[in-house]
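The following exercises are meant to be worked with the sequence and the coordinates open side by side. Try each task before reading the solution beneath it.

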Amino acid sequence: MNKTFSTLRINQDRFRSHFEALAKIGGTAEGGVHRPALSEAHLEARRWLKKQIAQAHLEIKIDGAGNHHALLGCGPQDGTGLLLGSHLDSVPNGGRFDGPLGVLAALEVLQVIKEQGLSLKVNLEAVDFTDEEDCFVSYMGSRALTGDLKRHDLQNPSKSRDLFQQALSRAGLTESGILAAARDPKTVAGYLELHIEQGNRLIEQRKDIGIVTTIVGIRSRWLKFLGRADHAGTTPVNRRRDAAQGAAAFTLAVRDLVMKDFPDSVVNVGNMEFAPAAFNVVPEAVKVALQFRADENNKLDRMEKALLEEAGRAAQRFGLRWEMAPLESIAPVDMNPKVQEAIIRACENLNLSYVMLSSGAGHDAQSMASIGPAGMIFVPSAGGFSHSPREFTEWQDCCNGANVLLHAALTLAH
Ligand SMILES: [Zn+2]
């Protein structure tokens, strides 16, 4: 990086006043925000963002998926841009940092570079993606942009089709418009995202910055334990084929299994559905919502095998049968080594300590990685809290992250 670049910093006061103004939109009494995708509050936040982009004298482009782009033409006039971004939507009753930090830092980076009048090899874009948090369709905006989103995904939203249609019309979006938002990958020079860690590792290791190596893969499975319905008053306990016992034994066993054999991975039993589901009937069937995450495909394969062996043991112990139905498998996504290198150089130039780590949560960067070099910068989350009003990141850490974004973007765009 040349000398002029290395002394550049974001404008902390402007960044903070943007952050505080935005946190008021959909702000909750507990100090968080409630801005589910395409809700009134989310659309208000986007109107506010448009105003800031206009006031910064940047060009604005809204694509068919509703993604809001601020454009800085600091490179050749071929429409190619290095994208910096995140999302303004939140989970219900979420925190103020998850998403907005990355969008506002991106806007700040564009403003600083514009003020300096710098010419770069590529143009810069700050982007706010639609529905990152899976209110309707997970990573809808970024997957539409990369062309990965299909009509089938729009026809099977997480909420009812009616609610989705209402939300789309509120936002002025259409399904055909969303599907037409795919962008020529040649126009995307890369993608960088600043985000809070949403975990405890940076705080525990006393590091300023996390550089993401991989976004973990996720597998979701329905496991079914099948026994026999019996009278809960007259059947002796030792003669039952009680599906609840199998499901419970399995749940306890997989915690130990993962802690012992896959210590850097996670497993979750998130739901159980009992049938016939009555006080006075021994459960005949229990459906278990199982999800596990790891940073490598072969680790996911080994975990799956070990978890299913555990299901077999739990079933056998209580005289049950078991079945497994695959639901969703998302492969781990590696972040680009050159982008990681640019982030390392930014940390070194700014004298910030850093550590390489994987992300246990999904992000738009995983879609963007399919069409260009992508990378992520994490800043510490106090207490590791996220998706909650307790979400908090020290302001100095937010500014450190935004400066790393600025320097990494300059390295990649120069
Ligand atoms: Zn997020």
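**Exercise 1. How do the residues of the lining of the largest pocket divide into nonpolar, polar and charged, and which domains give residues to the lining?**

Step 1. In this predicted model, sorting the lining of the largest pocket by class gives 14 nonpolar, 22 polar and 13 charged residues.

Step 2. The lining comprises 49 residues, and those that lie nearest the centre of the pocket are Tyr139, Ile218, Arg293, Glu328 and Ile330. The space in this pocket comes to about 1300 Å³.

Step 3. Next, assign the lining to secondary structure: at least two residues each are supplied by the helices α5 (140–146), α6 (151–155) and α13 (364–368), and likewise by the strands β7 (217–226), β8 (266–275), β9 (285–294), β10 (321–330) and β12 (354–359).

Step 4. Finally, compare these elements with the domain bounds, which divide the protein chain into domain 1 (3–215 + 332–413) and domain 2 (217–330). Both domains give residues to the lining, and the largest pocket therefore lies between them.

**Exercise 2. How many residues of domain 1 are in contact with domain 2, and how far apart do the C-alpha centres of the two domains lie?**

Step 1. Counting the contacts across the boundary gives seven residues of domain 1 that touch eight residues of domain 2.

Step 2. The distance between the C-alpha centres of domain 1 and domain 2 is 37 Å.

**Exercise 3. Which residues coordinate the zinc ion, and what spacing do the donors follow along the chain?**

Step 1. Three residues are to be listed with their donor atoms: His87 through NE2, Asp98 through OD and His195 through NE2, with distances to the zinc ion of 2.0 to 2.2 Å.

Step 2. Read along the chain, these donors give the pattern H-x10-D-x96-H.

Step 3. Place the pair His87 and Asp98 in the fold: His87 belongs to strand β3 (residues 81–87), whereas Asp98 sits in the loop between β3 and α4 (100–116), so the pair ties together parts that are 11 residues apart in sequence.

Step 4. As for accessibility, both His87 and Asp98 are buried.

**Exercise 4. Which residues line the second largest pocket, and which element gives the most to the lining?**

Step 1. The lining is made up of Leu38, Leu43, Arg46, Arg47, Lys50, Ile62, Gly66, His68, Arg170, Ala171 and Leu173. Two elements, α3 (40–55) and α7 (161–171), give two or more residues to this lining.

Step 2. Helix α3 gives the most, with four residues.

Step 3. By class, five residues of this lining are nonpolar, two are polar and four are charged, and the space in the second largest pocket is about 190 Å³.

**Exercise 5. How many cavities of 30 Å³ or more does the structure hold, and which residues line the largest cavity?**

Step 1. The structure holds one cavity at this cut-off, and about 40 Å³ of space lies in the largest cavity.

Step 2. The residues that line the largest cavity are Leu49, Ile53, His68, His69, Ala70, Val103, Leu107, Ala126, Val127 and Asp128. Comparing this list with that of Exercise 4 is instructive, since His68 appears among the residues of both linings.

Step 3. The elements α3, β2 (68–72), α4 and β4 (123–129) each supply at least two residues of the cavity lining, which divides into seven nonpolar, two polar and one charged.

**Exercise 6. Is Glu108 buried or exposed, and which residues does Glu108 touch?**

Step 1. Glu108 is found in helix α4. Its relative accessible area is 1%, which lies under the 20% cut-off, so Glu108 counts as buried.

Step 2. When residues up to four places away in sequence are left out, Glu108 touches Ile10, Asn11, Arg14 and Phe15.

**Exercise 7. Where do Arg206 and Asn351 lie, and are they buried or exposed?**

Step 1. Arg206, with phi near 50 degrees, has a positive value in a residue other than glycine, and its place is the loop between α9 (201–204) and β6 (209–215). Its relative accessible area of 74% is over 50%, so Arg206 counts as exposed.

Step 2. Asn351 also has a positive phi, near 60 degrees, and lies in the loop between α12 (337–349) and β12. With 69% relative accessibility, Asn351 is exposed.

**Exercise 8. Where is the place of Pro276, and what is omega of the peptide bond from Ala275 to Pro276?**

Step 1. Pro276 is in the loop between β8 and β9.

Step 2. Omega of the bond from Ala275 to Pro276 is near 5 degrees, and the peptide bond is cis.

Note on methods:
Residues are numbered from 1 along each chain as its sequence is written. This is a predicted model: local features need pLDDT of at least 70, side-chain atom pairs count only at pLDDT 80 or more; totals for chains, interfaces and linings use all residues. Side-chain values use heavy atoms; hydrogens and water are left out. Donors are N, O and S atoms within 2.8 Å of the metal (3.2 Å for Na, K and Ca); water is not among the atoms, so sites may look incomplete. Buried means under 20% relative accessible area, exposed over 50%, partly exposed in between (1.4 Å probe, protein chains only). On a 1 Å grid over the protein atoms alone, a cavity is a set of points where a 1.4 Å probe fits but cannot get out, and a pocket is an open set with protein on both sides within 12 Å along at least five of seven lines; lining residues have an atom within 4 Å of a point. Grid points are joined across faces, edges and corners, and a volume is the space filled by probe spheres set on the points. Ala, Val, Leu, Ile, Met, Phe, Trp, Tyr, Cys and Pro count as nonpolar, Asp, Glu, Lys and Arg as charged, and the others, Gly among them, as polar. Domain bounds come from an automatic or database domain assignment. Contact means heavy atoms within 4.5 Å.
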